[in-house]
Amino acid sequence: MRLSNYFLPTTKENPAEAEIVSHRLMLRAGMVRQLSAGIYSWLPLGFKVLQKIEAIVREEQEKAGALAILMPTIQPADLWRESGRYDDYGAEMLRIKDRKDREMLYGPTNEEAVTDIFRGTVRSYKDLPKNLYHVQWKFRDEVRPRFGVMRGREFLMKDNYSFDLDKEGAIRSYNAMFVAYLRTFARLGLKAIPMAADTGPIGGDLSHEFIVLAETGESEVYYHKDFEALDPMIDVDYTKDLQPTIDQWTANYAATDEKHDANSDIDSADLITGRGIEVGHIFYFGTKYSDAMGATVQGPNDDTIAVEMGSYGIGVSRLVGAIIEASHDDKGIVWPESVAPFKVGIINIRADDDACVEAADTLYKQMEEAGVEALYDDRADRAGVKFSTMELIGLPWFITIGPRGVKNNLVELVNRKTGEKVEVSPEEALKRMIG
RNA sequence: CGGGGAGUGGCGCAGCCUGGUAGCGCACCUGGUUUGGGACCAGGGGGUCGAAGGUUCGAAUCCUUUCUCCCCGACCA
């Protein structure tokens, strides 16, 4: 993409309303624009990152056996009356009426909707287990939206729902999602620690939240140092029993500040105190909804069995902020390669120099042909402006092309994260970006 | 929901106390000079000062009402 054709409204100054670093950087890098409290438009750069995160989340869901569907954002109130949550959910649920005065709502989550799909379609225990996921916009009318997309009112969430015949099956489904989440966050370049959690309004008796470690995180967390040694990028076979892996990941102490037990028997030498952001939450809640809503299957002995359910959520839009919180420096964002909006930036330092323009144009064209996502700063601005822009938007690599190097067929390849610079030929730079 | 703060060109702010019809920096447009870390000079465009009502000869400024946004706390992907 040529920057002259792109839409990248960056700013030099910090917007007054943005307090935390990810919010500031997202606004400054032209990723999002606020429309109302907790409601954001996604501009090209931000949307690209959002889609990359979503793609990784989807890939890991599919690997774990979840099937993609898409449920509506608007749901009828009556459905929520069946589960009893229409009254329980409170003011956080956005309630609306249609033209016929029917009570509707903008979905804050989808247990009811998915249970309705299930009960209307699945009759036999032979069709179990099933695990359905979607990535959909949610609305929760938070009392106090803040931190940009980290706590928006409208937000993009991957949520899925498992249906099993019995508790053993449900726990297998739960474990699969547990591992899928570890892998997902690892692929996003994050260190996420699963912590035993309250089940809250969703209900149930087995639940973990996944907390991403970030110095600027919202809540204080306490965890055993052995978590640092565990590799979340588990080479998993979902047909096998995952319980040993789960046991390994839940053996050590980990708690958020509200659940932290200062008197726990963990050796203080092993306890690490850090800060974190909740990016995922998984629940097993048994037959709470299947009982209330009549989601049953016929069992092998002609009996009617309420299905065992679990639900699993990842805050996709929140992850954009969380990744920035976990990965930035004083110059701007430092994207992990897996979610970077472009892999490499190409800076032509002298847009008025024919040799530089030709070298930059050629390299850019070769990148495009090789399928390397490159953002080519072909603007007429001075070098400093271009460096600052690249550093702000945080592409993993950038290549500078200027008159000094062009004479000797050299370009400068810079690693955003380490700051390491090497002078190489354009061919070598291209090769490294492909590799 | 309790407590605090703020609304003035796209962004950051001053002006308000002490009413006289809006200013600065950045950004933007035109021309020129520049060009390896956010250039310089000259010229220019853009704001009914959140909204409504009131006081006054006159309101960004004073009064009333209202809306919105932000921050801290209790709750949530």
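This passage walks through the fold of chain A in a predicted model, from its overall dimensions to a few local backbone features.

Chain A is a good place to begin with global numbers. Its secondary structure comprises 13 helices and 23 strands. Along the principal axes, the C-alpha atoms occupy a box of roughly 80 × 60 × 40 Å. The radius of gyration is 24 Å, which agrees with the value near 22 Å for a compact globule of 435 residues. Of these 435 residues, 44% are buried. Among contacts with a separation of 6 or more, 73% link residues that are 24 or more positions apart.

Strand β8 makes a natural entry point to the strand pairing. Running over residues 154-164, β8 has 11 of its 11 residues buried, so the strand is largely enclosed by the rest of the structure. Its side chains alternate in direction: E154, L156, K158, N160, S162 and D164 point one way, while F155, M157, D159, Y161 and F163 point the other way, and all are buried. Two partners of β8 can be described. Strand β7 (residues 130-139) pairs with β8 in the antiparallel sense through 10 bridges, and in this pairing W137 stands opposite L156 of β8. Strand β16 (residues 308-315) also runs antiparallel to β8, and 8 bridges join the two. Here F163 has M309 of β16 as its bridge partner.

A further sheet is open and has 3 strands in the order β4-β6-β5, paired antiparallel. Strands β4 (74-76) and β5 (94-97) stand at its edges with a single partner strand each, so one side of each is left without a neighbour in the sheet. From one strand to the next, the twist averages 40 degrees. Strand β5 is joined to the antiparallel β6 (residues 103-106) by 4 bridges, with R95 standing opposite L105 of β6.

Another open sheet contains 5 strands, ordered β20-β19-β21-β22-β23, and its pairing is mixed. The edges are formed by β20 (374-377) and β23 (421-424), each of which pairs on one side only. With direction ignored, neighbouring strands in this sheet are turned by 20 degrees against each other on average. Within the sheet, β19 (residues 344-348) and β21 (residues 397-401) run parallel and are joined by 5 bridges; the partner of N348 in β21 is I401. Helices accompany this sheet as well. Helix α13 (residues 426-434) packs on the sheet and touches β19, β21, β22 (411-415) and β23. The direction of α13 makes about 30 degrees with that of β22. Helix α10 (residues 354-369), in turn, lies across β19, β20 and β21 and runs at about 165 degrees to β19.

Helix-to-helix packing can be illustrated with α1 (residues 21-28) and α9 (residues 316-326). The axes of α1 and α9 come within 8 Å and cross at roughly 105 degrees, which makes α1 roughly perpendicular to α9. On the α1 side, the contact is made by V21, S22, H23, L25 and M26, and on the α9 side by G321, I324 and E325. Sorted by class, the residues of this contact are 4 nonpolar, 3 polar and 1 charged.

Some local backbone features round off the description. A cis peptide bond connects L128 to P129, with omega at about -5 degrees. P129 belongs to the loop between α5 (111-121) and β7. Positive phi values are also found in residues that are not glycine. One of them is F147, with phi of about 60 degrees, in the loop between β7 and β8. F147 has 21 C-beta neighbours inside 10 Å and therefore counts as buried, the cut-off being 20 or more. N409 has a positive phi too, near 55 degrees, and is placed in the loop between α12 (403-407) and β22. With 11 C-beta neighbours inside 10 Å, N409 counts as exposed, since the limit for that class is 12 or fewer.

Definitions and conventions:
Residues are numbered from 1 along each chain as its sequence is written. Chains are lettered from A and ligands numbered from 1 in the order in which they are written. This is a predicted model: local features need pLDDT of at least 70, side-chain atom pairs count only at pLDDT 80 or more; totals for chains, interfaces and linings use all residues. Two strands pair if DSSP finds at least two bridges between them. Axes are lines fitted to C-alpha atoms, for helices over the stretch in contact, and angles run from 0 to 180 degrees between N-to-C directions. The radius of gyration is taken over C-alpha atoms; the globule rule is 2.2 Å times the number of residues to the power 0.38. Two residues are in contact if their C-beta atoms, placed from the backbone, lie within 7 Å. Angles under 35 degrees count as roughly parallel, over 145 as roughly antiparallel, 65 to 115 as roughly perpendicular and the rest as oblique. Ala, Val, Leu, Ile, Met, Phe, Trp, Tyr, Cys and Pro count as nonpolar, Asp, Glu, Lys and Arg as charged, and the others, Gly among them, as polar.
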